[in-house]
Structures are given as structure tokens and as C-alpha cells.
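Student: Could you take me through one part of this model in close detail? I would like to see how a buried charged residue fits into its surroundings.

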Amino acid sequence: LILLDLGRFEEARADFRAAADKLKEYVRPRTNLGVLEMRLAAQDLRSIPETSHPERADALRESASRHRVEALRWLGETLAIDPGNARARLNRAEVFANLPPVDLEAAESELDLALQADRDYARAKELLERVRAARGGGK
């Protein structure tokens with residue numbers, strides 16, 4: 001995680017993938033890969049306003065889309081092993097809520113599942129409140 005937090009994404013990816021390959025039923029490297037891909041997608045999207053070249057902006061959008069798909073895939077692998085993993089549910093909700101194409105309904109569903117797994121999960125409660133407000137109310 002230190003490499004991920006330092007922004008050394010390629011090194012972190014290599015370490016997480018090696019752990020995921022070696023430890024087939026261990027969820028942490030898969031969850032970490034999902035978070036890594038989510039961060040890369042967000043980084044690409046933040047870079048778009050900095051470019052004045054339409055081709056570069058398109059390439060960044062495509063890259064962000066690929067990272068979004070990979071984030072959901074890795075988090076899906078986590079949930080295939082541990083369907084009640086509240087952190088993976090929160091991370092999937094963050095992908096759905098923050099990365100285009102935004103899907104607030106899917107985010108809300110993931111957050112409901114996260115809170116079923118851990119009813120005291122503060123980050124999930126906070127995001128659920130924001131998602132429901134963005135959807136125009138809710139439960």
C-alpha cells in the first residue's frame with residue numbers, strides 16, 4: 001500500500017498482481033488492485049482540463065474508461081471470494097458514483113450491501129448520503 005500511496009502505481013500493480021496470482025483466495029491484493037485502477041482513472045480524468053489537445057483529452061478519457069473497467073473487475077474478483085466484503089462494496093460504489101459513466105443507482109445498491117455487511121461503516125454511510133442526495137432524496 002505504501003507504493004500506492006506514494007503514487008508509484010506500476011510498482012504497486014506488479015506487487016499486488018504477484019500476490020493475487022500466488023494467493024488465489026486472498027482478497028486484499030484484489031481490492032488493492034481495484035483501488036489502484038480507480039485512482040488511475042481519476043488521475044486521467046483530472047488531467048483532461050490541463051490539455052488543450054482534443055486528441056490527448058480523448059486518449060485520457062479512453063484510459064480512464066479502461067481503468068474503470070479494471071477496477072470493477074478486480075473488485076468483482078474480491079466479491080466472488082468474499083461477497084460480504086464491505087470495503088470492496090464501498091470501492092465499487094465509489095467507482096459507480098465518481099467515474100463516468102456515473103451510475104448512482106448501482107452505487108446506492110453497493111452501499112446498501114456494504115452497510116448490510118458492516119452497519120457502522122462511516123465512509124459507506126457518508127457516501128450513501130451523498131449518492132441519495134444526488135439522486136434527489138431516497139430512503
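Tutor: Happy to! Let's start with Arg30, which counts as buried at 5% relative accessibility. Keep in mind that the model is a predicted one. The partner to look for is Glu77: the two side chains form a salt bridge, with the closest N and O atoms 3.3 Å apart. This pair links distant parts of the chain, since Arg30 belongs to helix 3 and Glu77 to helix 4, 47 residues apart. Unlike Arg30, which is buried, Glu77 is partly exposed, with a relative accessibility of 28%. The pair also belongs to a wider group, as Arg30, Glu70, Arg73 and Glu77 are linked in a network of salt bridges.

Now for the two helices themselves. Helix 3 covers residues 28–47 and helix 4 covers residues 54–81; their axes come within 8 Å and cross at roughly 160°. Angles over 145 degrees count as roughly antiparallel, so helix 3 is roughly antiparallel to helix 4. The crossing of helix 3 past helix 4 is left-handed. On the helix 3 side, the contact residues include Arg30, Leu33, Met38, Leu40 and Leu45, while helix 4 contributes, among others, Leu60, Glu70, Trp74, Glu77 and Ile81. By class, this contact has 11 nonpolar, 6 polar and 6 charged residues. Arg30 and Glu77 are thus part of the helix contact as well as partners in a salt bridge. To place that bridge in the wider picture, the structure holds 14 salt bridges.

Conventions: Residues are numbered from 1 along each chain as its sequence is written. This is a predicted model: local features need pLDDT of at least 70, side-chain atom pairs count only at pLDDT 80 or more; totals for chains, interfaces and linings use all residues. Side-chain values use heavy atoms; hydrogens and water are left out. Axes are lines fitted to C-alpha atoms, for helices over the stretch in contact, and angles run from 0 to 180 degrees between N-to-C directions. Helices (H or I, at least four residues) and strands (E, at least two) are DSSP runs, numbered from the N terminus. Angles under 35 degrees count as roughly parallel, over 145 as roughly antiparallel, 65 to 115 as roughly perpendicular and the rest as oblique. A crossing is left-handed if the near helix is turned anticlockwise from the far one by less than a right angle, and right-handed if clockwise. Contact means heavy atoms within 4.5 Å. Ala, Val, Leu, Ile, Met, Phe, Trp, Tyr, Cys and Pro count as nonpolar, Asp, Glu, Lys and Arg as charged, and the others, Gly among them, as polar. A salt bridge is a side-chain nitrogen of Lys or Arg within 4 Å of a carboxyl oxygen of Asp or Glu. Buried means under 20% relative accessible area, exposed over 50%, partly exposed in between (1.4 Å probe, protein chains only).
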